[in-house]
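Ready for a few exercises on reading a structure? Try each task yourself before you look at the worked solution.

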Amino acid sequence: MTTAVAPDIDLADLSFWRRPPRERHEAFARLRQLEHPVFFEERRVPLLRSGRGFYALVRHSDVVEASRNAKVFSSEPAVTSPEPPGWVKHVFGESMVNMDDPRHARLRRIVSRAFSPKMLANLQGDIEKAATRIVDDVIAEGPRDFVTQVAARLPIHVICDMMGIPDDMRAKVHEHVDVSTAYTGVRPSLARSVRMAGQNMLALAALQRMVIKLGRERSESPQGDLVSALVTANVDGERLTWRELGSFFALLLVAGNETARNTMAHGVKLLTDNPEQRELLLSDFDAHIGGAIEEMVRYVSPIMQFRRTVTEDYDLRGLHLKPGDKVVLFYGSANRDETVFPDPDRFDITRTEVKQHVGFGGPGPHFCLGANLARQEIRTMYRELFTRLPGLRAQGEPELLLSNFDNSVRSQGFTF
Ligand code: HEM
């Protein structure tokens with residue numbers, strides 16, 4: 001059953017995600033005006049199959065309500081849609097993002113020490129050094145593609161630093177991550193999708209084996225890095241199992257790499273297309289960069305949606321949800337909800353209401369663990385770029401990935 005109210009909008013169809021972003025935002029704006037969340041039937045393409053359809057939550061208040069109420073809106077068996085096949089679940093099976101409490105709370109307790117203010121402060125020197133090297137290289141090479149030369153380099157470097165991945169393993173990590181991120185989202189050809197998804201999973205599995213090997217070594221002779229901390233007991237006597245360690249590393253590489261990179265790339269384009277906002281930012285970087293980053297995350301919504309599965313009968317705005325119903329939280333739409341963000345399509349780094357955005361997820365147990373790290377990376381990278389290259393601007397249009405999941409930029413020309 002598809003909604004009768006907006007029959008030309010089918011969020012489960014590839015053709016919808018092929019439309020230019022402006023048209024998609026207009027479609028979501030129409031959906032937000034409907035009285036009820038909307039029920040869609042998913043296409044029966046084998047790779048996309050996930051049984052019954054899903055409810056689309058497109059309003060800010062509904063996304064917030066579902067995120068807060070994790071007992072009813074479960075993250076198990078998985079938050080991605082469509083339902084991943086068994087072998088994907090095997091790779092990510094022990095990943096906290098796909099778990100409910102108490103298993104989720106235990107993992108979050110163990111790994112959150114990696115994101116404490118003290119750990120993040122310790123990383124700052126490394127992030128600055130990496131940002132300086134990236135700008136050195138850009139100056140030496142000349143501007144070609146902002147994504148490969150700048151945005152893609154910092155987040156992965158930071159994750160390797162955090163985990164204490166030795167230098168001689170990093171080239172291999174980069175190689176596997178390149179393969180694993182070559183496939184995200186939907187693809188026009190099924191055969192190509194299956195092949196790329198297979199390569200993607202093999203690469204992630206190889207990364208997990210690498211970090212597990214490292215974990216075994218560190219459990220015997222711990223050093224001051226995160227892997228050592230995660231495989232030795234914390235004050236409550238808790239530590240990650242080997243499989244959990246592998247899944248956590250894969251999650252960091254998936255959750256913390258493309259997201260930060262896409263925000264930086266889209267951000268440069270947004271600042272170029274809105275010269276008055278760019279000027280304001282550069283007139284007092286420290287005063288405006290915090291608001292600018294939040295506005296970029298709101299406007300871009302690097303992760304466009306995550307899913308929940310209903311565990312018990314629940315009424316949402318008069319709509320009766322039943323156990324097993326799938327609900328997709330469209331962050332990109334919630335972030336343009338005009339009842340919360342006036343004139344939502346305007347990019348404005350001074351918005352006072354911007355803190356209510358759900359780009360890092362709604363309020364609740366799964367709120368992005370890496371939000372402060374992402375802010376720190378973007379702030380540091382932009383400071384280095386705009387201090388040394390104050391004329392930096394995007395050039396031409398970005399090449400976007402066809403995806404219903406991440407708002408990914410494959411390439412973006414630039415100049416300085
Ligand atoms: C702009 C950058 C980022 C965006 C937009 C983003 C977005 C999100 C979103 C929407 C969720 C919510 C998942 C849910 O509710 O099911 C999430 C969770 C998560 N993020 Fe981020 N993220 C970003 C950067 C990072 C970074 C840099 C890291 C770490 C290096 C990271 C690690 C995580 C982890 C571990 C979770 C799972 C938390 C849990 O299930 O308890 N993220 N992120």
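## Exercise 1: Polar contacts with the ligand

In this predicted model, a polar side-chain atom of His 104 sits 2.6 Å from an oxygen atom of the ligand.

**Task.** Find which elements give two or more residues to the shell around the ligand, and work out how that shell splits by class.

**Solution.**
1. Start from the contact of His 104, at 2.6 Å from a ligand oxygen.
2. Next, look at Arg 108: an N or O atom in its side chain is 2.7 Å from an oxygen atom of the ligand.
3. Then go to Arg 308, where a polar side-chain atom lies 2.8 Å from a ligand oxygen.
4. Now zoom out to the elements: helix 5, helix 12 (242–255), helix 13 (258–273), strand 4 (305–310) and helix 17 each give two or more residues to the shell.
5. Finally, sort the shell by class, and you get 17 nonpolar, eight polar and two charged residues.
6. Of the 27 residues around the ligand, the ones that come nearest are His 104, Arg 108, Arg 308, His 366 and Cys 368.

## Exercise 2: The iron atom

**Task.** Which protein residue is the single donor to the iron atom of the ligand, and how far away is it?

**Solution.**
1. Check the protein atoms around the iron: the single donor is the SG atom of Cys 368, 2.3 Å away.
2. Place Cys 368 in the chain: it's in the loop between helix 16 (331–334) and helix 17 (371–388).

## Exercise 3: Cis peptide bonds

**Task.** Where in the chain are the prolines Pro 77 and Pro 102, and what is omega for the cis bond before each of them?

**Solution.**
1. Take Glu 76 and Pro 77: a cis peptide bond joins them, with omega about 0°.
2. Pro 77 belongs to the loop between strand 3 (73–74) and helix 4 (86–92).
3. Now take Asp 101 and Pro 102, also joined by a cis peptide bond, with omega about 5°.
4. You'll find Pro 102 in the loop between helix 4 and helix 5 (103–111).

## Exercise 4: Positive phi

**Task.** Arg 317 has a positive phi although it isn't a glycine, and so does Asp 343. Are Arg 317 and Asp 343 buried, partly exposed or exposed?

**Solution.**
1. For Arg 317, phi is about 50°, and the residue is in the loop between strand 5 (314–316) and strand 6 (319–321).
2. The relative accessible area of Arg 317 is 37%, so it's partly exposed.
3. For Asp 343, phi is about 50°, and its place is the loop between helix 16 and helix 17.
4. Asp 343 has 45% relative accessibility, so it counts as partly exposed.

Technical notes:
Residues numbered from 1 in each chain as written. Predicted model: local features only at pLDDT ≥ 70, side-chain atom pairs only at ≥ 80, totals over all residues. Heavy atoms only, no water. Donors = N, O, S within 2.8 Å, 3.2 Å for Na, K, Ca; no water. Helix = DSSP H or I, 4+ residues; strand = E, 2+ residues; numbered from the N terminus. Buried < 20%, exposed > 50% of the residue type's maximum accessible area, 1.4 Å probe, protein only. Near = heavy atom within 4 Å. Polar contact = N/O pair within 3.5 Å; in protein donor to acceptor, adjacent residues only side chain to side chain. Nonpolar A, V, L, I, M, F, W, Y, C, P; charged D, E, K, R; others polar.
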